[in-house]
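Student: I'd like a close look at a single part of this structure, taken slowly and with its surroundings. Could you walk me through one helix and what lies around it?

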Amino acid sequence: MSTALLNEHPDLATAIDLYAAWIRFTMHKKLQPGVAAGIVYDGELLWGEGFGYADIETKKPVTLDTRFRIASISKTFTAVAILQLRDAGALCLDDPISKYLDWFDLQFQGAPEITIRNLLTHTSGLPRDSHNPMWTECDAPAWDDFVEGLKSRPPTRPPYDKFAYSNVGYSLLGGIIEAVSGELWAIYLQRNIVDPLDMSETHPVPRRDDPMLATGYSQLSEDYEREPMPFFLMNGFEASANFASSINDLVKYAAFHLSDDDNAVLSPHSRRDMHRIHWLEPSWNTGYGLGSMLYKLDDWSISGHGGGYPGYLTGFTLCREHKVAVIVLTNALGSAPTEYINQGYKLVLPEIINATEAAAPKADPAWQMYLGEYFHEWGYEKVILRNGQLQIVSLDAMEYPPILLEPTETEHRFTIQEQGGSNETVRFELNDSGEVRRMWLRNEYAYRRPRN
């Protein structure tokens, strides 16, 4: 656990202390058995704590090593596996499912075939869950039963018509992973994701007799009591919701997702691809990536996934812009992990930003020569120095953010940093007297107005 940041920034330590107190208070108010929570910054556990009981009867405490069924957080692992295979050239996201599962011929009448991308983004039109009441009876069908049951359940809408969450879709992705890799889903994920990330406390196929597995509990009854929920494996639905993991191991998983460094598990491109919008809801506040839910919280973009399994509700979330993750695992239904997660961001993230915000860089004195107003037929720009940066401000479009200029190794040439830009350049052209004559913005130019 990183303590240096907390020791150096008492307001951050206070925010975390307040967050922990609020968790205890909320657990008591809701009569929840146990919660494990962790906040990650820049790949390290900034703070984590276990609250309450992993088992009510034995009063076994929750710790950061306590395992929980993380349910649909498993979908993120399945998505990583699919993108690994994409990176390796073994499949394409726009391939039809039938290319890999020859039995699959479900298709909405008159619509294109359902693709891997449709499964990843929940836009396939396939049903949500099993043909049997698996969540009510805690009994998931085997793969062969899953296949036979699905054959008679055609899509209810064409692909891309609407976002409709589907455990069926992610279970099919598990079948595709097996067909392409030649390995069982659990073995492939263990060998290619879990082991390389050193997640020794994470199990794609949990054990009933695991001593570190928290007991999962029901909703509160009318008598304010909870009952243990049955243990069962997801079988044919395992790729959508089977994993068990702990806070300490999910910290490693968060570090992997927060980083843009080269990594043998998944390319930086594919990690970014997972956490960008691939389906945006009409509200423009929520959407879905590739195995990742996305939503806006205040001014922050949050990605990750929640999980719900009989006896467990969980959440694994990232704010990649600020290199922060908030993870909450609970062992009871009705425990609202999203409430805990959002409160964590609201209380702690502003203090992390304050504590880690870099001081403004010092501007190169030579940049003074570029300052001034530039004109062309399309408008007027002013080059300024602000916050240690060279910036271009459009005088006739002040509502737009400034263009930031990053110096290059070439004299008088800068890289453009702007939303929607593609790292093109600005070049300042000098006259014979060594004064700036023109500014070349991309491949167009503007004349500098004479200084008064």
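Tutor: Happy to! A definition will help once we reach the sheet: two strands count as paired if DSSP finds at least two bridges between them. Keep in mind, too, that this is a predicted model.

Let's take helix 2. It covers residues 10-30, which makes 21 residues. From its first C-alpha to its last it reaches 30 Å, close to the 30 Å expected at 1.5 Å a residue.

Now look at which side chains are hidden. The buried residues of helix 2 are L12, A15, I16, Y19, A20, W22, I23, T26 and M27. Viewed down the axis of helix 2, these buried residues fall within an arc of 160°, so they line one face of the helix. Turn to the face directed away from that buried side, and you find the exposed residues P10, D11, T14, D17, F25, H28 and K29. Here "buried" means under 20% relative accessible area and "exposed" means over 50%.

What covers the buried residues? The cover of helix 2 includes two helices, helix 1 (4-8) and helix 12 (337-356), along with strand 1 (34-41), strand 2 (44-55) and strand 11 (324-330). Just after helix 2, L31 takes a positive phi of about 55°.

Those covering strands lead us to the sheet. Its 9 strands form an open sheet in the order 3-2-1-11-10-9-8-7-6, with antiparallel pairing. Strand 3 (60-61) and strand 6 (279-280) stand at the edges with a single partner strand each, so one side of each is left without a neighbour in the sheet. In the order of the sheet, strand 1 sits between strand 2 and strand 11. Strand 1 and strand 11 run antiparallel and are joined by 7 bridges. To place one of these pairings on your screen, find V35: its bridge partner in strand 11 is T330.

So, to gather the picture around helix 2: one face is lined by its buried residues, the face turned away from them carries exposed residues such as D17 and K29, and the cover over the buried residues includes strand 1, strand 2 and strand 11, which belong to the open sheet.

Technical notes
Residues numbered from 1 in each chain as written. Predicted model: local features only at pLDDT ≥ 70, side-chain atom pairs only at ≥ 80, totals over all residues. Heavy atoms only, no water. Helix = DSSP H or I, 4+ residues; strand = E, 2+ residues; numbered from the N terminus. Expected span 1.5 Å × (residues − 1). Buried < 20%, exposed > 50% of the residue type's maximum accessible area, 1.4 Å probe, protein only. Arc of directions from axis to C-beta. Contact = heavy atoms within 4.5 Å.
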